[in-house]
Amino acid sequence: MAIFALTTVHGPSWDASRQIREQQAWDEHAAFMDGLVDDGFVILGGPIGDGEQALLIVEATDAQEAEDRMGGDPWASLGMLRIGALQPWSIWLDGRQSSRRADQVPSGTA
């Protein structure tokens with residue numbers, strides 16, 4: 001499996017006058033995304049910058065699988081969301097995996 005950095009951007013059906021949770025089919029989109037997390041496809045994700053984009057870190061066999069999985073989002077079929085960029089990502093540093101974090105270093109050794 002490979003890791004990809006994937007951005008999503010608003011599509012032509014996005015209603016800029018509404019907040020994200022007020023968009024059409026929010027509940028269906030949220031349930032779909034939760035399912036991708038439960039399946040282990042989405043590792044991390046959330047809005048970036050001013051909220052016009054979201055960044056997802058996903059695990060897939062290849063870019064086509066990532067595109068196919070994201071294509072199942074109800075917001076994709078409604079034209080509310082689309083993939084902005086999809087790039088392979090080589091993770092060299094990952095502090096989440098550290099067994100010895102700064103708050104766990106014994107006093108006087110840091």
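In this predicted model, the lining of the largest pocket is a mix of residue types: 15 nonpolar, 9 polar and 6 charged. The lining comprises 30 residues, and the pocket they surround has a volume of about 620 Å³. If you would like to find the pocket centre on screen, look for Ile20, His29, Pro47, Ala54 and Trp75, which lie nearest to it.

Several secondary structure elements take part in the lining. The table lists those that each supply at least two residues.

| Element | Residues |
|---|---|
| β1 | 2-10 |
| α1 | 26-38 |
| β2 | 42-48 |
| β3 | 53-60 |

Now to the sheet. Its 4 strands are arranged in the order β2-β3-β1-β4, forming an open sheet with antiparallel pairing. At the edges sit β2 and β4 (81-88), each of which pairs on one side only. On average, neighbouring strands of this sheet are turned by 20 degrees against each other, direction ignored. As a reminder, strands of a sheet pair through backbone hydrogen bonds, either parallel or antiparallel.

The pairing of β2 with β3 deserves a look of its own. These two strands are joined in the antiparallel sense over 6 bridges, and valine 42 stands opposite valine 58 in β3. Both β2 and β3 also contribute at least two residues each to the lining of the largest pocket, so following this pair takes you back to where we began.

Finally, helix α2 (residues 63-71) lies across β1, β3 and β4. Relative to β4, helix α2 runs at about 160 degrees.

Key:
Residues are numbered from 1 along each chain as its sequence is written. This is a predicted model: local features need pLDDT of at least 70, side-chain atom pairs count only at pLDDT 80 or more; totals for chains, interfaces and linings use all residues. Side-chain values use heavy atoms; hydrogens and water are left out. On a 1 Å grid over the protein atoms alone, a cavity is a set of points where a 1.4 Å probe fits but cannot get out, and a pocket is an open set with protein on both sides within 12 Å along at least five of seven lines; lining residues have an atom within 4 Å of a point. Grid points are joined across faces, edges and corners, and a volume is the space filled by probe spheres set on the points. Ala, Val, Leu, Ile, Met, Phe, Trp, Tyr, Cys and Pro count as nonpolar, Asp, Glu, Lys and Arg as charged, and the others, Gly among them, as polar. Two strands pair if DSSP finds at least two bridges between them. Axes are lines fitted to C-alpha atoms, for helices over the stretch in contact, and angles run from 0 to 180 degrees between N-to-C directions. Contact means heavy atoms within 4.5 Å.
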